[in-house]
Amino acid sequence: MATFGARRTSSENRLFSPAIFNFDHLEDHVQKHLKNVYSCLSIGMLTAAAGAYLHTITGLGQWYLLTSLVSLGLMMWLYSTRHSKEEMNKRIAIFGAFTFTSGISLGPLLQMAIRIEPSIISTALAGTAIVFVSFTMAALLSRNRSFLYMGGFLMTGLGWLTLAGFLNIFFGSKLIFDVYIYGILGIFSAFVLYDTQLIVEKRRLGDDDFIWHSVDLFLDAIQIFRALLVILSKKEDDRRRRKD
């Protein structure tokens, strides 16, 4: 028993060892770039939360389509704006406006969740954080580039899911919807792996546009959050219907 306890303690020490978070295999300039990316992403998450909160207190549901189009337009504007020191403040402002309007566009889903059960939002946020952080760490700690080969598969899968979602507008199939929403959750969780390693490789090749790189991760996180909101809301609604 003493030997077993010693081995267990040793295993736990290795499990929680700081070496697990050792990123020495990443070059200094890559680590610095990642810090910029995640700092920018944090700003984006805060402005998106502000946009979502604005929607909930003002009821901008009727402007959902408009804010979605504005968000898309801002993203295209950001993409077309040259990455340079002179344009950096402008691009950060565009990025903030993009994430803010993206947050407003989340309003209808948030209102749906609030009507069913307000705690769904905090659960979805926690779930998104766990998925995002876990997959990010897996990508950064990997010493090979295996996740980069997922790109073709992920884009193909996303294309099929988009087609299925469009067709289901006409069919209204519960099965197709479930496949679609769980597929979105799985695909964008995998995109976190892919995009994280892609950002590392892009920086190694000289691409230091941390603002645009944070857009990729922001879109992944938002889609994961959307999917979790829908899944949790649907489960809670089904549970209440069965109870009634």
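Me: With which residue does Arg-204 form a salt bridge, the closest N and O atoms being 3.0 Å apart?

Reply: In this predicted model, the pair links distant parts of the chain, with Arg-204 placed in helix H8 and its partner in the loop between helix H1 (2-15) and H2, 177 residues apart. Arg-204 counts as partly exposed at 32% relative accessibility, and the partner is likewise partly exposed, with a relative accessible area of 33%. The residue that forms this salt bridge with Arg-204 is Glu-27.

Me: Which other side chain meets Arg-204 in a salt bridge, at 2.7 Å from N to O?

Reply: This second partner lies three residues from Arg-204 in helix H8, so the two are separated by about one helical turn. With a relative accessible area of 13%, the partner falls under the 20% limit and is therefore buried. The side chain that meets Arg-204 here is that of Glu-201.

Me: Is Glu-236, at 15% relative accessibility, buried or exposed?

Reply: Glu-236 and Arg-239 meet through their side chains in a salt bridge of 2.7 Å, N to O, and because they are three residues apart in helix H9 (residues 210-243), about one helical turn separates them. Arg-239, at 38% relative accessibility, counts as partly exposed. Glu-236, at 15%, lies under the 20% limit, so the class it receives is buried.

Me: Which residues are joined into one network by salt bridges that share partners?

Reply: The count of salt bridges comes to eleven. Arg-204 takes part in a salt bridge with Glu-27 and in another with Glu-201, so a partner is shared in the sense of a nitrogen within 4 Å of a carboxyl oxygen in each pair. The network is made up of Glu-27, Arg-145, Glu-201 and Arg-204.

Me: How are the rings of Phe-166 and Phe-170 arranged, stacked or edge-to-face?

Reply: A search of the whole structure finds five aromatic pairs. In the pair formed by Phe-166 and Phe-170, the ring centres are 5.5 Å apart and the planes stand at 80°, which is over the 60 degrees that the class requires, so the arrangement is edge-to-face.

Me: What is the relative accessible area of Phe-170?

Reply: Phe-170 lies in helix H7 (residues 151-171), where Phe-166 is also found, four residues away, about one turn of the helix. Phe-166 counts as partly exposed at 48% relative accessibility. Phe-170 passes the 50% limit and so counts as exposed, its value being 62%.

Me: How much accessible area do the residues of the nonpolar surface patch that includes Phe-170 have together?

Reply: The patch takes in Trp-160, Leu-163, Phe-166, Leu-167, Ile-169, Phe-170 and Phe-171. Across the chain, carbon and sulfur atoms supply 66% of an exposed area of about 14,200 Å². The residues of the patch together have about 850 Å².

Me: Which residue forms one aromatic cluster with Phe-188 and Phe-191?

Reply: Phe-188 and Phe-191 both lie in helix H8 (residues 174-204), three residues apart, about one turn of the helix, and both are buried. The residue that completes the cluster with them is Tyr-194.

Me: How far apart in space are Ile-43 and Ser-214, C-alpha to C-alpha?

Reply: Ile-43 has its place in helix H2 (residues 28-58) and, at 44% relative accessibility, counts as partly exposed. Ile-43 and Ser-214 are 171 residues apart in sequence, while the distance between them in space is 9.9 Å.

Me: How many helices are there in the chain?

Reply: Read along the sequence, the chain follows the pattern α-α-α-α-α-α-α-α-α, and buried residues make up 40% of its 244 residues. Among contacts with a separation of 6 or more, 84% come from residues 24 or more positions apart. Strands number zero, and the count of helices is nine.

Me: Over which residues is the pLDDT below 50?

Reply: The mean pLDDT of the chain is 87, and 88% of the residues reach 70 or more. The stretch in question has zero contacts in the model beyond near neighbours in sequence. Where pLDDT is low, the predicted coordinates should not be read in detail. The stretch with pLDDT below 50 covers residues 1-12.

Methods. Residues are numbered from 1 along each chain as its sequence is written. Side-chain values use heavy atoms; hydrogens and water are left out. Patches are made of residues with over 30% relative accessible area and no salt bridge: like charges are joined within 9 Å, nonpolar side chains (Val, Leu, Ile, Met, Phe, Trp, Tyr) within 5 Å. Accessible areas come from the Shrake-Rupley method with a 1.4 Å probe; for residues, only the protein chains shown count as cover. Rings of Phe, Tyr and Trp (its six-membered ring) pair if their centres lie within 6.5 Å; planes under 30 degrees apart count as stacked, over 60 as edge-to-face and the rest as tilted. Buried means under 20% relative accessible area, exposed over 50%, partly exposed in between (1.4 Å probe, protein chains only). pLDDT is the predictor's confidence in each residue, from 0 to 100. Contact means heavy atoms within 4.5 Å.
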